[in-house]
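Here are my notes on the model you sent, set out as numbered points. Please read them with the coordinates open beside you.

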Amino acid sequence: MARSSDLGILIEKLAAARAVTVLTGAGISADSGVPTFRGADGLWRNFRAEDLATPEAFERDPRLVWEWYNWRRELIAATRPNPAHSAVVELEQRSEEFWLITQNVDGLHRTAGSRKLSEIHGNIWMVRCTDCGSVEENHEVPIALLPVCSRCKGLLRPHIVWFGESLFPEDLSRCATALRTCDVLLVIGTSGVVYPAAGFASMAKESGAFVAEINLEPTPQSGLVDLSLQGRAKDLVPLLL
Ligand code: BJW
Ligand code: ZN
């Protein structure tokens, strides 16, 4: 459990900060009922994200990959933001400078009202044509298999960053600025194993930020952060305000 003295330190650091950056992962949405990737509930028909979230998997069997996304689209469509998402919105409104970096593709931060954000792994409600590259919103649940582009009839894929693919350069440069210039970085609900996001805490630390982590359990980042609070995001994040 988080110690109240640790919570007090973080509250003070946030109150004194001019610039705040928040990095979130699947743990913040777990409290809304979205399965995490590396928890037992993240498995689908015994496949792991590493088996399906790759360009090779899509090339081999686009139907299987779309079936996985349909399972997730249905789950996510039934969820709502939780008090941790709302508390992040309030932090944005209170901070002179603020940026939210989320690895989550579920869109729950946007639904909650976050506006200053980078969805660095994309968004499950956006699709991209594998032929002409056009990107559009698509909220169909389930999406028709196999979905095709309205402009050129090319095969659509999720507008999501898969393993082995580069993140969008504009997101990377916006995140680098937010990490290099923040006074406090708050890392919420990520296992800290997927790069480049796994390197963000040390980037902020090197630039002099106070770095705090909120997670149900210790992570590979726990040793390098200034403060590690253990507990549920939905219980702890609202206490910071
Ligand atoms: C709670 C909680 C509660 C639970 N409250 N907490 C350097 C070294 C080694 C490898 C690489 C490297 N650089 C790049 C790579 C390769 C690769 C990589 O990192 N591999 C690692 C697995 C080793 N990275 C990439 O390929 C990236 N591309 C890239 O860097 O391009 C350049 C390049 C390519 C190749 C080589 C070198 C350079 C792209 C990564 C894209 C990741 N995409 C995914 C899938 C998207 C598919 C989709 O969503 O549809 O994004 S992977 C998956 O993991 C998803 C997530 O965003 C991401 C992170 O997971 P997250 O959010 O941390 O979730 P979990 O489940 O892991 O953890 C949940 C946490 O919450 C746990 O800690 C719980 O305890 C906690 N929790 N309930 C608080 N209530
Ligand atoms: Zn097209």
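1. Cys129 has a relative accessible area of 4%, and because this falls under the 20% limit, Cys129 is classed as buried. Please keep in mind here, and in every point below, that the model is predicted.

2. Cys152 reaches a relative accessible area of 34% and is therefore partly exposed, since that class covers the range between 20% and 50%. As for cross-links, the structure holds zero disulfides.

3. Turning to the ligand, which pocket does ligand 1 sit in? Ligand 1 occupies the largest pocket, where 35 residues surround it, the closest being Tyr69, Arg72, Thr190, Ser191 and Asn215.

4. Several polar atoms of the protein can be paired with oxygen atoms of ligand 1, and I list the distances for your own check. For Ser191, a polar side-chain atom lies 2.5 Å from an oxygen atom of ligand 1, while for Asn215 the corresponding distance, again from a polar side-chain atom to a ligand oxygen, is 2.6 Å. Ala26 contributes through its backbone instead, with a polar backbone atom 2.8 Å from an oxygen atom of ligand 1. Taken alone, ligand 1 exposes 1,500 Å², of which the protein buries 77%.

5. With regard to secondary structure, helix H2 (26-30) and helix H5 (62-77) each provide at least two residues of the shell around ligand 1. Which helix gives the most to that shell? The answer is H2, with three residues.

6. Thr190, named above among the closest residues to ligand 1, is placed in the loop between strand E7 (184-188) and helix H9 (200-206). Its relative accessibility is 11%, so Thr190 counts as buried, the limit for that class being 20%; this value takes only the protein chains as cover. The side chain of Thr190 makes a polar contact of 3.0 Å with the side chain of Gln103, and a polar atom of the Thr190 side chain also lies 3.2 Å from the backbone nitrogen of Gly192.

7. A last point concerns Ala176, which belongs to helix H8 (residues 169-181). Is Ala176 buried or partly exposed? Because its relative accessible area is 27%, Ala176 is partly exposed, a value lying between the limits of 20% and 50%. Ala176 and Arg48 are 128 residues apart along the chain, and their C-alpha atoms are separated by 29 Å.

Conventions. Residues are numbered from 1 along each chain as its sequence is written. Chains are lettered from A and ligands numbered from 1 in the order in which they are written. This is a predicted model: local features need pLDDT of at least 70, side-chain atom pairs count only at pLDDT 80 or more; totals for chains, interfaces and linings use all residues. Side-chain values use heavy atoms; hydrogens and water are left out. A disulfide is a pair of cysteine sulfur atoms within 2.5 Å. Buried means under 20% relative accessible area, exposed over 50%, partly exposed in between (1.4 Å probe, protein chains only). A residue is near a molecule or strand if one of its heavy atoms lies within 4 Å of it. A polar contact is a pair of N or O atoms within 3.5 Å; within protein, one must be able to donate a hydrogen and the other to accept it, and residues adjacent in sequence count only if both atoms are side-chain atoms. Accessible areas come from the Shrake-Rupley method with a 1.4 Å probe; for residues, only the protein chains shown count as cover. On a 1 Å grid over the protein atoms alone, a cavity is a set of points where a 1.4 Å probe fits but cannot get out, and a pocket is an open set with protein on both sides within 12 Å along at least five of seven lines; lining residues have an atom within 4 Å of a point. A molecule sits in a cavity or pocket if more than half of its atoms lie within 2 Å of its grid points. Helices (H or I, at least four residues) and strands (E, at least two) are DSSP runs, numbered from the N terminus.
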